[in-house]
Amino acid sequence: MKKILLTALAVLAAVVGSACGAGQDLAGDSAEGELVVVGMSQVGAESDWRVANSESMKAVFTEERGYRLLFEDARQKQENQITAIRRFIQQQVDYIVLMPISETGWDSVLQEAREAGIPVILVDRMVDVEDEGLYAAHIGSDFRREGQSAVDWMAEAYPDQWAPVRVVHIQGTLGSTAQLGRTAALEEAAAVHENWELLIQLDGDFTQAKAYEVMTEYLDRLPARGEIDVVYCENDNEAFGAIQALEERGYTCGRGGVDVITFDATRNALLDCMNGRISLAVECNPLLGPLVEEAIRTMESGGTPEKHRYVEERVFTQDRLTPDFVESRKY
Ligand code: GYE
């Protein structure tokens, strides 16, 4: 009898739940009970890196593997991320995974998640919050170290301390950890190397279209053909846009011409690197899904995941690339 009553209540709850719209689904669906519910707020789809990162998450957090993934694309807006997190809290998800667009402005919403008892895992970029306890773990890249690899290469590529090295710097989304780390490395190195000259800093927002636009505008403003040695692009898509702008105006990209430096090292950038148009590609690994799952499994079994986990990354130059390697690149 009790069983029948419970079943009837479950059916009723499911009907009411589905009538109440998406926000109420989880509470009403008894089959959901078995699945670990993960609310994920992704930055957007601004770059090849980002698309690969989302795919890596979606491949791991499937129903077959025991998860229900609520994936929200914030279309590059922090306010959309905050709204998504609040919705996840209402839906009483088990975990929140956040790829934060920028570092600041997270204290209150993360506090709300903590009060609701929902652990937050940060992926890729970091947040700048008063209290480290507002997130359970961070899994991503050491962007400052990536920038360091780039400036180390520049120092070797331009050994003559008296010859000027003229650099155009195309920055990523301002205020994001990826931008801050990669920019800091260049600015600090430029302060040490007196012959490095930062001609201009342009905001490319990590997209190909924006980088093409700002680079074109810059080149067109120059009174004569510019003497540019390096274009330091903070991701691959910016590099593609910059190369297009440069080539359309008759510049040659590559060693001996304009050295284009890029971050991410996705397959298309590696192709350009192998063909000599990109001089240096610094790897940034987007395949973080399995590591996020590892952290969730640790918490599911009552453990504490590592607070900060950085992935191993390499750098690529033309001589280190083979067609087989580029072909086998997963992103
Ligand atoms: O380099 C860029 C993306 O934060 C690692 O964001 C990420 C950066 C990545 O849009 O392509």
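Mentor: Asp, Glu, Lys and Arg count as charged, Ala, Val, Leu, Ile, Met, Phe, Trp, Tyr, Cys and Pro as nonpolar, and the others, Gly among them, as polar. By that sorting, the ligand shell has six charged, five nonpolar and two polar residues. The model is predicted, with local features needing pLDDT of at least 70 and side-chain atom pairs 80 or more, while totals for linings use all residues. Numbering runs from 1 along each chain, and side-chain values use heavy atoms.

Trainee: Which residues surround the ligand most closely?

Mentor: Of 13 surrounding residues (a heavy atom within 4 Å), the closest are Glu 46, Asp 124, Arg 125, Asn 235 and Asp 264.

Trainee: What makes the Arg 125 pair a polar contact?

Mentor: Its side-chain N or O atom is 2.8 Å from a ligand oxygen, and the limit is 3.5 Å between N or O atoms, so the pair counts. Arg 50 has such a pair at 3.1 Å. The protein covers 100% of the ligand's own 300 Å² of accessible area (Shrake-Rupley, 1.4 Å probe).

Trainee: Which elements give two or more residues to the shell?

Mentor: Helix 3 (48-60) and helix 7 (177-192), helices being DSSP H or I runs of at least four residues.

Note on methods: Polar contact = N/O pair within 3.5 Å; in protein donor to acceptor, adjacent residues only side chain to side chain.
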